[in-house]
Amino acid sequence: MNYQSIRLEVSRGVATLTLNRPERLNSFTVAMHGEVRAALDAIRADRAVRCLVLTGAGRAFCAGQDLADRAVAPGGEEDAAPLDLGESIESHYKPLVLALQQLPLPVIAAVNGVAAGAGANIALACDLVYAARSASFIQSFAKIGLVPDSGGTWVLPRLVGQARALGLALLGDKLGAEQAEAWGLIWKCVDDAELMPTVRAVAEQLACGPTRGYARTKQAIRAAATLTIEASLDLERDLQRELGRSRDYREGVAAFIEKRAPKFTGE
Ligand code: T3D
């Protein structure tokens, strides 16, 4: 497919999806949502892809919704067609967050610059978040009278606790990558020049790993947020039963016994 607002590259088992509207800080339009959806469908269908990296072109990761598409004169809503942001969330942002979380392979956000509004929460929907030291996370919604969306109200208190979640969401201040790591909002902050090499190395490592086990691991950990301990134990039992029959498990055990490196296929 010929993409206009994103780039999609696949190499050595790693798909890299780059949001590519740098002049608008990679903010989302309906067209970009459509392209990201198509790319995620293609990645899901491609058995050669075993890890996804999501990043942004230029100096930003993503500035959330393109507000130029939302421009209404203040107080001029009587003349304008009523804007249904709920429809935008239902059709675009909610499916995107769920698609990233349900993709049966590890998804890494390489946050190369500012991640604002939905852009911040889309990064936080990924399984591992690496950020450049100069990057930042901003819950900008408060500044335009909105609620944090794209999973922000769900994920923020779970990651950083209610006090910090409320501080971030109500004040809309910029949170630097180092502080984000210190608070447990993200996995790692690295020097700017090291971001893509670090993420590439981790992605290639994961792409050579037991992908099916990773898929079930992310499924179980994400499900645990709403399960009882008993239900989580039941889920672990069921997943272990499934994975115990996989080629990768047999290969992992054989490699351990034979004192050699395993060759995982994701099957
Ligand atoms: O609407 C729905 O569907 C509901 C869902 C909403 C989800 C959301 O994401 S709501 C939140 C939307 N996003 C924001 O409110 C963030 C807006 N942007 C900013 O606050 C700032 O741009 C940043 C803090 C991200 C970066 O600031 P700075 O000073 O580094 O850059 P800048 O000069 O503000 O931006 C550079 C250019 O990008 C500028 O254009 P120009 O002047 O060079 O022609 C700016 O207008 C443009 N830009 C940045 N963000 C957006 C944007 N254009 C459209 N939409 C944006 N979100």
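This report walks through a small sheet, the cysteines and a surface patch. Keep in mind that the model is predicted.

Let's start with the sheet. Four strands make it up, lined up as β4-β6-β8-β9, and the sheet is open with mixed pairing. At its edges stand β4 (60–62) and β9 (174–176); each has a single partner strand, so one side of each goes without a neighbour in the sheet. On average, neighbouring strands here are turned by 20 degrees against each other, direction ignored. For β4, pairing with β6 (residues 114–116) is parallel and runs over two bridges. Across from A60 you'll find V114 in β6.

Now for the cysteines. How many disulfides does a search of the whole structure find? The count is zero. A disulfide is a covalent bond between the sulfur atoms of two cysteines. Here is how things look for C51 and C62:

| Cysteine | Closest cysteine sulfur | Sulfur distance | Relative accessibility |
|---|---|---|---|
| C51 | C208 | 10 Å | 0% |
| C62 | C126 | 11 Å | 1% |

The cut-off for a disulfide is 2.5 Å between sulfur atoms. The sulfur of C51 is therefore too far from that of C208 for a bond, and the sulfur of C62 is likewise too far from that of C126. C51 counts as buried, and C62 counts as buried too.

Finally, the surface. L67, V72, L83, L85, I144 and L146 make a nonpolar patch of about 490 Å². One of these residues, I144, sits in the loop between β8 (136–138) and α4 (152–160). Because its relative accessibility is 48%, I144 counts as partly exposed.

Methods: Residues are numbered from 1 along each chain as its sequence is written. This is a predicted model: local features need pLDDT of at least 70, side-chain atom pairs count only at pLDDT 80 or more; totals for chains, interfaces and linings use all residues. Side-chain values use heavy atoms; hydrogens and water are left out. Patches are made of residues with over 30% relative accessible area and no salt bridge: like charges are joined within 9 Å, nonpolar side chains (Val, Leu, Ile, Met, Phe, Trp, Tyr) within 5 Å. Accessible areas come from the Shrake-Rupley method with a 1.4 Å probe; for residues, only the protein chains shown count as cover. A salt bridge is a side-chain nitrogen of Lys or Arg within 4 Å of a carboxyl oxygen of Asp or Glu. Buried means under 20% relative accessible area, exposed over 50%, partly exposed in between (1.4 Å probe, protein chains only). Two strands pair if DSSP finds at least two bridges between them. Axes are lines fitted to C-alpha atoms, for helices over the stretch in contact, and angles run from 0 to 180 degrees between N-to-C directions.
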